[in-house]
Every structure is written in structure tokens, then in C-alpha cells.
Amino acid sequence: MLESLLQTSYFALFLIIALGFILGRIKIKGLSLDISAVIFIALLFGHFGVTIPKELGNIGLVLFIFTIGIQAGPGFFDSFRSKGKTLIILALLIVGSASIAGVICKYAFGLDTASIVGLIAGALTSTPGLAVAIDTTQSASASIAYGIAYPFGVIGVILFIKLLPKILRVDLQAEAKRLEEERKGRFPELQRATFRVENEKVLNKTLAQLQIRNMTGAVVSRIKHNDEISMPRANTVLHEGDLIRVVGNKNSIEQVKLLIGEQVNGDIPFTKTQELQSLLLTNKNIIGRTLGELNLQGSFGCTVTRVRRSGIDLLAESNLALKFGDKLMVAGEKDNLNELGQFVGNNEKALSDTDFFPIAMGIVLGVLFGKLNISFSDSFSFSPGLTGGILMVALILSAIGKTGPIIWSMSGSANQLLRQLGLLLFLSEVGTSAGSTLVSTFQESGWTMFGIGVIITLVPMIVALVFGYWVFKINILDLLGSIAGGMTSTPGLAAADSMSDSSAPSIAYATVYPIAMVFLILFIQIIAGII
């Protein structure tokens, strides 16, 4: 009965996943495999003849890569601008050292060129690399060598990434927390302060004339004239002795002091008809528009004092473009706030709902882009492939954010669910596929080629560690993602992704992966054509 059930793909799939999670939770000296353990169970099942359909693996792959791209998109371009040169060099070092190690082993062990390029592609688990190797050598030896090197190419990267923090004695959670604090540090903490109007140059002038927000960067949230507290309007006139309440960073608060007058202690309380509310931006029609364009103060008599995005308070500057899920902290009359709430959406259910059209359309565009064949010359052409096409399209769409009524994003919980589902499908299929030929390939081709594959897998990761960690001083989370990206290893990214809550490994992977893929294709063509 069990044997017949194991031939049923859905039963075998979920049994592999369940056993993988059990194995992944086992800790030895604080080290566990987490979700990566699924591939080891899959290898075992594959050895005993259990198979998972290739299409399930492909579905899992596209879901995993697309969700990674959607999450990493906004940070990818920032990362590329700030660290692009370093990460390009690191990708070149990884692929270059793998290629050099392969060429040295070719002459040391007397292997043919087709086998070496196949071993390089397998050691870096690159299907596009294998396609190029077969195309340039026109030999079946490339695919056989790929099959020999591939299992350790998968397992070796996972183990290296899992063991590296222990070897370096780095606390990943502490490092993730430090990076988060560093990220928040780039956005100065917002403060609140009250000022008395004293400067003669501002007396009896309207807020529209003074342009306090543009002049100082601070936002006026309310004004007290005599005993009357009011919300700021463009035509509000400042009189001597008035009190104004402002929100801004340390520098902008100092600028307000120079412009307005003395800072005083105390708050300006809201009246019974006024309050401060947090409104959730879920209206798709205003996503991407700036606060200046919307002119909420003129339209609703409400003042946005700050915008909370991804756990960070942003100053409500007129040129700040709004994004889906932003929380607007708004001061105003209660009736006006209710109207503004309807305008911005303020619908938590809309935030948690998952619209599958952008996901499906994004994957379709990614698959089509991956089919493109870009020719640079008669001897060199490049195709992004399934993984590269979907990743690049997802990165671009996520960075664009919105196209007409389509929002190229999803909630964090939906992204996490689809990503893990995709990864489980992918690891189960890849593991059973590799496990089915693991023993036979060793028997047919011996251990020599397997050993060379191990060398080609380990050398570039060691090179990346030396140069990335000690020369370029890349933080450990970026380094883990860069190694996974440079080795074009999706399971490696899964291992890095499961080790902390930080998105840094995913962003580094998304930055390095396309560069490494291009370098690998180029190097394989050079080796096959020259050596």
C-alpha cells in the first residue's frame, strides 16, 4: 500500500515536505537545516525511485523567484547604486574562480572540454549554463558531467551557507538588528516641538506666504491664537505671541526656531472636535502621487504630519510619493478626517487581500522575457532563461510599483506564503530528480569527476568569503545572499533566507544573480571555444 501511495505524486510530495520539516527542526550544536532539509529527504526518496513531476518543480521555481523579486525590487536598485561595483566584482570573482579551477582540473586530470564546462555548470547549478555548454560543445559529455556535479552543487552551497555564520562566530539575528538600525538611521528620527511666534519677518503673514514646510522641512500640525486652537490652512495668518506645533527632524526643528522664534515647553492639545488619526493608504488611484499633488490640507483641511512605511517614520514632504500600505498620521477636524479616510481608502482588509492578476501577469511577462535571445556577436548570445527572466521582470515591476490600476506588490504574509510554497515544490522536485541518478552517475563515471565538481563548488565560495568578508568588508547577511547569487543557487538563497528575518540576503542575491549568470555563460563559451 505504501509503495503504491509513494507513486502518487501529491502523497509523496507532502510526505517529503512533512519529513523535511521534522528533520529541519533538529538542532545539533545550535545548527539546523530548517526548510533546506526538504532537499535531503527528497534526495533519499529519489534514490528509491520516488519522482515528483518536473512541472511541479517549475511552478515552485517561478513562484519562489517571482516573490523574491517582488520583495527585493525596491531595495535592489538602492543596493545596486550603493554597492553595485563591489557586488559586480564579487560575482566576477565567484564565476571566474570556478572557471579557473575547472580549467586547472581539466589539465591536471586529463578531462575533455565538454566534461569540464558541464562540471562548471553543474557545480554552479546553472541550467542556462548547461544549455550553453551543450550548445557550444555539441557533446553528451557536458550533460553527464553536469549531472555528476549538480547534487553537491546544491548540497554544498546549502551546507556552506548554513555553517558559515558558525565558523565566523557571527550572530545573524544581532547582525540583522544592526542593519535595521542602520537603515533607520538613514532616516532621522522625527521630533515634535512648540514655538512662539516672535520673529518680526513672519508677523501677519500667511502660511502660504511663509512656505514653512519648504523653507525648513518641518510640518505645522496646529496653531494656537489667543485661546483658539485651529488646524493650519494656507490662509492662516501668524500673529505675535501665537503658538505653533511642528513635526520634523532635529535639523528642521532648528530651522523653524530661526524662522519663527523661541521654542517653548508644552503641547498644544486638540479640542473636542479635533484629533490625530492613523489612516491606511489602500486607494489604488492615488498610489504613486506625491503629497504636494494631493494637497490634502487644501482639500480636506487636514495635515499629514508624518508617513510610516516599513517601520520607519518619514517626514511628510510635499515631494514624497505615496505607496500602497503607507500609514498617514493626520491631524484635523474629526469630520474632515472621516472624509479623508474614505479618500485614502483606510481599508485593512484591502491590504491583506491578494490580487492574483499581477502575480499571474508578472510571471507570464517573466517567462516571455526569459525566452529572449540577445545576440552580442556571431560567437556570443545571451538568454535570461526561466529564472533570470522572471527575476528581472519582478524586480522591475516591483520598483515601478503601479501601472494604471495594477499594483505590482503583495502583502508580506501573502508573499511569505507563496514563496515558501514555491520553494517546497522546487526543492522536492529537484531533490528527487538528482537523487534518482546520484548512485548511477557515480558508478558510470567514477568519483574523479565528482571530486572535481566538489572543488569547483567550494573554491569560488571560499574566494567569495575571503574577498567579500575580509577585503570588501561586506556584512555577513549581504555576503550569504551574494554567495547564493554568485553560485546561481536558489536552494542556497532558501538556506540564507531562513536564517534571519532580514531581507538583505534576498536583495544581495537579486543583485548578484543576473550578473553572475551573464558571466557564467560568457566564461563557458570562452572555455569551450578556446581551450
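## Exercises on strands, cores and salt bridges

Strand β6 (residues 274–280) and strand β9 pair in the antiparallel sense over 7 bridges. Strands pair if DSSP finds at least two bridges between them, and helices (H or I, at least four residues) and strands (E, at least two) are DSSP runs, numbered from the N terminus.

Before you start: this is a predicted model, where local features need pLDDT of at least 70, side-chain atom pairs count only at pLDDT 80 or more, and totals for chains, interfaces and linings use all residues. Residues are numbered from 1 along each chain as its sequence is written, and side-chain values use heavy atoms, with hydrogens and water left out.

**Exercise 1. Work out what sits around β9.**

Step 1. Find β9 at residues 327–333. On the β6 side, look for L276, which stands opposite A331 in β9.

Step 2. Now try strand β7 (residues 303–309), which runs antiparallel to β9 and is joined to it by 5 bridges. Here V304 has V330 of β9 as its bridge partner.

Step 3. Is β9 mostly covered or uncovered? It's mostly covered: 5 of its 7 residues are buried. Buried means under 20% relative accessible area, exposed means over 50%, and partly exposed is in between (1.4 Å probe, protein chains only).

**Exercise 2. Describe the largest nonpolar core.**

Step 1. Get the term straight: a nonpolar core is a set of buried Ala, Val, Leu, Ile, Met, Phe, Trp, Tyr and Cys residues joined through side-chain atoms within 4.5 Å.

Step 2. Which residues of the largest core touch the most other members? Among its 115 residues, they are L119, L164 and I476. Helix α4 (residues 54–109) gives the most to this core, with 18 residues.

Step 3. Zoom in on L164. Skipping neighbours within four places in sequence, L164 is in contact (heavy atoms within 4.5 Å) with L465, I476, L479, L480 and I483.

Step 4. Don't miss the other core that lies apart from the largest one: it has 21 residues, among them L279, C302, V307 and L320.

**Exercise 3. Explain what the R222–D267 salt bridge ties together.**

Step 1. A salt bridge is a side-chain nitrogen of Lys or Arg within 4 Å of a carboxyl oxygen of Asp or Glu. The structure holds 9 of them.

Step 2. The side chains of R222 and D267 meet in one, at 3.1 Å, N to O. R222 is in strand β2 and D267 is in the loop between β5 and β6, so the pair ties together parts that are 45 residues apart in sequence.

Step 3. Check the surroundings. R222 is buried, at 8% relative accessible area, while D267 is partly exposed, at 47%.

Step 4. Add R245, which is linked with R222 and D267 in a network of salt bridges.

**Exercise 4. Follow the contacts from S506 to R419.**

Step 1. S506 lies in helix α21 (residues 504–530) and is buried, with a relative accessible area of just 1%.

Step 2. How far apart are the C-alpha atoms of S506 and I68? They are separated by 6.6 Å, although the two residues are 438 residues apart along the chain.

Step 3. The side chain of S506 also makes a polar contact of 3.4 Å with that of D497. For a polar contact you need a pair of N or O atoms within 3.5 Å; within protein, one must be able to donate a hydrogen and the other to accept it, and residues adjacent in sequence count only if both atoms are side-chain atoms.

Step 4. D497 in turn meets R419 in a salt bridge (2.5 Å, N to O). R419 lies in helix α18 (residues 412–471) and D497 in helix α20 (residues 490–497), so this pair ties together parts 78 residues apart in sequence. Both R419 and D497 are buried.
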